[in-house]
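This report goes through the charged pairs, the helices that carry them and a patch on the surface. The sequence and the structure come first.

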Amino acid sequence: MSKAELLQEILGPLLEDYRYWFERSRRFLQEETLDFISPQEQQSILERVLAAQSELQVADALYQLSDNEVGIDPGLMAKWHRLLMECAELGRRFRQIHPSSDS
């Protein structure tokens, strides 16, 4: 298996996952009021999600333009992962308080 094929097999689905979860987190943070954190904290996390979406878009474009031969900085991906884990925890707490919510 070539380097490009390996990157495509690993990074392709991973980038799709990041895209999906960042969009879901963005909608959640924009549509719900999280009464267990301050509005400023919620806005700050939303801004970080929006920035991560932009970073992801740029990284994905560079990856695509390189014909899947350029990887993505693992440090950046670790940062994205931490942010998504933070968002998942906010979602978990929200669902505990509002168990009938679909968010």
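## Salt bridges within a helix

A salt bridge is taken here as a side-chain nitrogen of Lys or Arg within 4 Å of a carboxyl oxygen of Asp or Glu. The model is predicted, and by this rule it holds seven salt bridges. One of them joins E23 and R26, whose closest N and O atoms are 2.3 Å apart, which is within the 4 Å limit. Both residues belong to helix α1 and are three residues apart, about one turn of the helix. E23 is partly exposed, with a relative accessible area of 25%, while R26 is buried at 18%. The two values fall on either side of the cut-off, because buried means under 20% relative accessible area.

A pair with the same kind of spacing is found in helix α3: R92 and E89 are three residues apart there, about one turn of the helix. Their side chains meet in a salt bridge of 2.4 Å, N to O. The contact between the side chains of E89 and R92 also counts as a polar contact, again at 2.4 Å. R92 is partly exposed at 34% relative accessibility, and E89 is partly exposed at 33%.

## A salt bridge between helices

Side chains of opposite charge can pair when their charged atoms come close. R19 and D60 form a salt bridge with their closest N and O atoms 2.5 Å apart. R19 lies in helix α1 and D60 in helix α2, so the salt bridge ties together parts that are 41 residues apart in sequence. Helix α2 covers residues 39–65. The side chains of R19 and D60 are also joined by a polar contact of 2.5 Å.

Are the two partners buried or partly exposed? R19 is partly exposed, with a relative accessible area of 30%, whereas D60 is buried, with a relative accessible area of 14%. Leaving out residues up to four places away in sequence, D60 touches L15 and R19. The pair is also part of a network of salt bridges that links E16, R19 and D60.

## Helix α3

Helix α3 runs over residues 74–97 and has 24 residues. From its first C-alpha to its last it reaches 35 Å, close to the 34 Å expected at 1.5 Å a residue. At its N-terminal end, D73 acts as a cap: a side-chain oxygen of D73 lies 3.1 Å from the backbone nitrogen of G75.

Which residues of α3 are buried? They are M77, W80, L83, L84, C87, L90, G91 and F94. E89 is also found in helix α3, but E89 is partly exposed, with a relative accessible area of 33%. Computed along the chain, E89 and G71 are 18 residues apart in sequence, and in space they are 28 Å apart, C-alpha to C-alpha.

## A nonpolar surface patch

M1, L6 and I10 make a nonpolar surface patch of about 340 Å². Of these residues, I10 lies in helix α1, which spans residues 3–31.

Key: Residues are numbered from 1 along each chain as its sequence is written. This is a predicted model: local features need pLDDT of at least 70, side-chain atom pairs count only at pLDDT 80 or more; totals for chains, interfaces and linings use all residues. Side-chain values use heavy atoms; hydrogens and water are left out. Helices (H or I, at least four residues) and strands (E, at least two) are DSSP runs, numbered from the N terminus. The expected span of a helix is 1.5 Å times one less than its number of residues. Buried means under 20% relative accessible area, exposed over 50%, partly exposed in between (1.4 Å probe, protein chains only). A polar contact is a pair of N or O atoms within 3.5 Å; within protein, one must be able to donate a hydrogen and the other to accept it, and residues adjacent in sequence count only if both atoms are side-chain atoms. Patches are made of residues with over 30% relative accessible area and no salt bridge: like charges are joined within 9 Å, nonpolar side chains (Val, Leu, Ile, Met, Phe, Trp, Tyr) within 5 Å. Accessible areas come from the Shrake-Rupley method with a 1.4 Å probe; for residues, only the protein chains shown count as cover. Contact means heavy atoms within 4.5 Å.
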